[in-house]
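Student: Please take one part of this model and describe it closely, with the cut-off behind each term stated, and place it in the chain as you go.

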Amino acid sequence: MEDLKQQLDFILELDRLKAVYRKVVVKSDKNRPENSAEHSWHIAMMAQTLHVYAAEPVNVARVTSMLLIHDIVEIDAGDTFAFAAQAELDAQEAKELE
């Protein structure tokens with residue numbers, strides 16, 4: 001039962017990704033900011049759709065898992081815009097490690 005509790009706690013924690021807003025906007029929704037949960041879903045769907053164009057064979061299940069996991073740290077560290085000032089980009093690693 002402890003495993004189930006930890007899994008449910010993890011699922012509830014993941015819900016917090018919906019409150020992490022990114023600098024990217026959702027053009028199809030009046031240019032509102034995208035949240036990290038939407039971002040994770042979208043890139044996972046892109047991998048599912050576009051892997052057929054890769055030059056080498058792709059383990060789509062592994063790639064999809066990695067894409068869904070990669071932003072979880074943003075729950076605590078926040079998102080950093082890819083084109084932010086270098087000092088902000090450098091500070092992100094420390095926030096993520098914390």
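Tutor: What follows is a close look at the pair formed by helices α2 and α3, with the parts of the chain around it. The model is predicted, and for that reason local features need pLDDT of at least 70 and side-chain atom pairs count only at pLDDT 80 or more, while totals for chains, interfaces and linings use all residues. Residues are numbered from 1 along each chain as its sequence is written, and side-chain values use heavy atoms, with hydrogens and water left out.

The chain has five helices and two strands, where helices (H or I, at least four residues) and strands (E, at least two) are DSSP runs numbered from the N terminus. Read from the N terminus, these elements follow the order α-β-β-α-α-α-α. The C-alpha trace of the chain spans about 40 × 35 × 30 Å along its principal axes. Of the 98 residues of the chain, 21% count as buried; buried means under 20% relative accessible area, exposed over 50%, and partly exposed in between, with a 1.4 Å probe and protein chains only. Among contacts in the chain with a separation of 6 or more, 38% are between residues 24 or more positions apart, a contact being heavy atoms within 4.5 Å.

Within this chain, helix α2 takes in residues 36–50 and helix α3 residues 60–69, and their axes come within 9 Å and cross at roughly 165°. Those axes are lines fitted to C-alpha atoms, for helices over the stretch in contact, and the angles run from 0 to 180 degrees between N-to-C directions. The two helices, α2 and α3, are therefore roughly antiparallel to each other, since angles over 145 degrees carry that label, under 35 counts as roughly parallel, 65 to 115 as roughly perpendicular and the rest as oblique. The crossing of α2 past α3 is right-handed, that is, the near helix is turned clockwise from the far one by less than a right angle, and anticlockwise would make the crossing left-handed. On the α2 side the contact is made by Ser 40, Ile 43, Ala 44, Ala 47 and Gln 48, and on the α3 side by Val 60, Val 63, Thr 64, Leu 67 and Leu 68. These residues divide into seven nonpolar, three polar and no charged, with Ala, Val, Leu, Ile, Met, Phe, Trp, Tyr, Cys and Pro taken as nonpolar, Asp, Glu, Lys and Arg as charged, and the others, Gly among them, as polar.

Two residues of α2 deserve a separate description. Ser 40 sits in helix α2 and, with a relative accessibility of 4%, counts as buried. Apart from residues up to four places away in sequence, Ser 40 touches Leu 67, Leu 68 and Asp 71. His 39, also part of helix α2, counts as buried at 15% relative accessibility. Beyond residues up to four places away in sequence, His 39 touches Arg 22, Glu 34, His 70 and Asp 71. His 39 and Asp 71 are 32 residues apart in sequence, yet their C-alpha atoms are 8.7 Å apart in space. Their side chains are joined by a polar contact of 3.2 Å, a term that denotes a pair of N or O atoms within 3.5 Å of which, within protein, one must be able to donate a hydrogen and the other to accept it, residues adjacent in sequence counting only if both atoms are side-chain atoms.

Before α2 in the chain, Asn 35 belongs to strand β2 and is buried, at 9% relative accessibility. The side chain of Asn 35 reaches the backbone nitrogen of Ala 37 at 3.0 Å, and a polar atom of that side chain lies 3.4 Å from the backbone oxygen of Lys 18. Leaving aside neighbours within four places in sequence, Asn 35 is in contact with Leu 17, Lys 18, Val 20, Tyr 21 and Arg 22.

The loops offer exposed residues too. Tyr 53, in the loop between α2 and α3, is exposed, with a relative accessible area of 67%. The C-alpha atom of Tyr 53 is separated by 32 Å from that of Ile 11, 42 residues apart along the chain. In the loop between β1 (21–26) and β2 (32–35), Lys 30 has a positive phi of about 60° although it is not a glycine, and Lys 30 is exposed, with a relative accessible area of 80%. Asn 31, in the loop between β1 and β2, has a positive phi near 60° and is likewise a residue other than glycine, and at 45% relative accessibility Asn 31 counts as partly exposed.
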